[in-house]
Amino acid sequence: MPTLDVKNLVLWYRTRKGPVHAVDSISFALEPGQTIALVGESGSGKTSTANAILRLLPKNVLRYDGEVEFDGQNVMELTDEEFRRNVRWRGISMVFQGAMNALNPAVRVGFQVAEPLMVHYDVDRDEAADQALDVLRKVGLPADIARRYPHELSGGMKQRVVIAMSLILKPKVVILDEPTSALDVMTQTNIINLLKDLKNTDRLSYIFITHDLGLASELADLVGIMYAGELIEVGPADGVFVRPKHPYTGKLLASVPRLRSEEAPDFIPGAPPDLTAPPPGCRFHLRCPVSFEKCGWSAEEFIAQMDLLQSSGEAKDKVPSIASMSAKSPTSLLIKPGANGSVSDFVQKLNAFVAATSEKNRFLKSIESVQGKTKSVEVKLYETTPPPIVGTEWRAACWLVTEGAA
Ligand SMILES: Nc1ncnc2c1ncn2[C@@H]1O[C@H](COP(=O)(O)OP(=O)(O)OP(=O)(O)O)[C@@H](O)[C@H]1O
Ligand code: SF4
Ligand SMILES: [Mg+2]
């Protein structure tokens, strides 16, 4: 039985611009002693996923649902009080992003590590101090550390202290949100080795959130790739890192600089989408190098891409002349030919342009039909839905995977 089984977890925030789809139907399971690395660009929803699992919700939550099974119990059904008392910290704990810089500067670290024992288990002060010492030793710190203040510690020591705080109540699952991003490479390695040791001795399960694919591959049994609030690929680390199924994962791996490699790292053009208005279809289609008919271009996006092409020097003379474009529906648009061009001439030129350049300008693949009207040309685009996440042990959400073409 998995220690943690997350099913269709959703967390949206309310903002003036509209709902932020920070976590959209995320599912994964963790066995005892297993680590999943959650990897993705900034803003892809990694911290929000962790907060949703631990029910640490800001005031502006708009939607929060799904299932979080911990030790076989759906803890989403617990009241806030039951969850706080029985699950948070005792069952699932967290090392917060930037936590080592948030230690209380006026309190000795021993007390900061011991305090949860007094709060959650009513343990007396001396007993709590003894247990804190044990945990501090376990994370590789000397006994005298307990009497020191945070400013007397190095970055690596502070990070060990916050890891000790996350372990003090003996949880089964620890969520580590970017636990090493502020540390130098040697200290990072030491912390990763510590986490590996703890995982082996205590059968801890980790959710390891990171931007760093190298560190993820050091620690992870499973990898979950997040993009725009969705988990777009999840599977065994030794599979996903070697032969990714999702084009975004492939691009992410290719963007890692390699020592002693002649090749320049690849990059992903464009930026992640605005989560208040996620793109229709596959959320990655605007940046995907292999997007095709089913990927979900909307008429608005088509117009924006066509505008870009028209104004770019590179393709200026090759795009048929256009007077105006307007979206008629999400999947159809009207184009008025420019410079006194006839409708039939425009249809011919557009078809030729698509045939010649759609491998490069992938949005052109979304055209289902081009039809001449009296004064304008109607372009119909393929209708589609977001790709489902398919597979069992190793899942990915891409139409190429669904169709077996990946
Ligand atoms: N309380 C909030 N209200 C509105 N939007 C929020 C709130 N918290 C986070 N967001 C937005 O939700 C999205 C996901 O944020 P999140 O912090 O989960 O990303 P992340 O993957 O952890 O990023 P990073 O790698 O930078 O830590 C972002 O667009 C962020 O701006
Ligand atoms: S469904 Fe696959 S091919 Fe299409 S845009 Fe998304 S990742 Fe690319
Ligand atoms: Mg974060």
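Start at ligand 1: select strand E2 (20-30) and helix H1 (46-53), each of which supplies at least two residues of the shell around this ligand. Keep in mind as you click around that this is a predicted model. H1 gives the largest share of that shell, 3 residues. Now show side chains for Tyr13, Ser42, Lys46, Thr47 and Ser48, which come nearest of the 16 residues around ligand 1. Colour the shell by class and you get 5 nonpolar, 10 polar and 1 charged.

Next, jump to ligand 2. Of the 14 residues around it, pick out Cys282, His285, Cys288, Cys295 and Cys398, the ones that come nearest. Then add helix H9 (247-254) and helix H12 (399-402), since each supplies at least two residues of the shell around ligand 2. Try the class colouring on this shell too: there are 11 nonpolar residues, 3 polar ones and no charged ones.

Now for a strand. Select E3, residues 35-39, where 5 of the 5 residues are buried. Look along the strand: Thr35, Ala37 and Val39 point one way, while Ile36 and Leu38 point the other way. Bring up strand E8 (residues 205-210), which pairs with E3 in the parallel sense over 5 bridges. To find one of the partners, click isoleucine 36 in E3 and isoleucine 207 in E8. Then show strand E9 (residues 222-227), which runs parallel to E3 and is joined to it by 4 bridges. Here valine 39 stands opposite isoleucine 225.

Stay on isoleucine 207 for a moment. Leaving out residues up to four places away in sequence, isoleucine 207 touches Ile36, Leu38, Ala50, Val173 and Ile175. Isoleucine 207 is also among the residues with the most contacts inside the largest nonpolar core, along with Val113, Leu136, Ala164, Ile175 and Val223. That core has 102 residues, and helix H5 (residues 155-167) gives the most to it, with 7. Colour domain 1 (4-255) and domain 2 (297-381) separately: both give residues to this core, so it lies between them.

Last stop: alanine 128, in helix H4 (residues 125-138). Is alanine 128 buried or exposed? It counts as buried, because it has 22 C-beta neighbours inside 10 Å. Setting aside neighbours within four places in sequence, alanine 128 is in contact with Ala114, Leu117, Met118 and Val123. Put a distance label between alanine 128 and alanine 114: they are 14 residues apart in sequence, and their C-alpha atoms are 5.2 Å apart in space.

Definitions and conventions. Residues are numbered from 1 along each chain as its sequence is written. Chains are lettered from A and ligands numbered from 1 in the order in which they are written. This is a predicted model: local features need pLDDT of at least 70, side-chain atom pairs count only at pLDDT 80 or more; totals for chains, interfaces and linings use all residues. A residue is buried if 20 or more other C-beta atoms lie within 10 Å of its own, exposed if 12 or fewer, and partly exposed in between; C-beta atoms are placed from the backbone. Two residues are in contact if their C-beta atoms, placed from the backbone, lie within 7 Å. A residue is near a molecule or strand if its C-beta atom, placed from the backbone, lies within 6 Å of it. Ala, Val, Leu, Ile, Met, Phe, Trp, Tyr, Cys and Pro count as nonpolar, Asp, Glu, Lys and Arg as charged, and the others, Gly among them, as polar. A nonpolar core is a set of buried Ala, Val, Leu, Ile, Met, Phe, Trp, Tyr and Cys residues joined through C-beta atoms within 7 Å. Domain bounds come from an automatic or database domain assignment. Two strands pair if DSSP finds at least two bridges between them.
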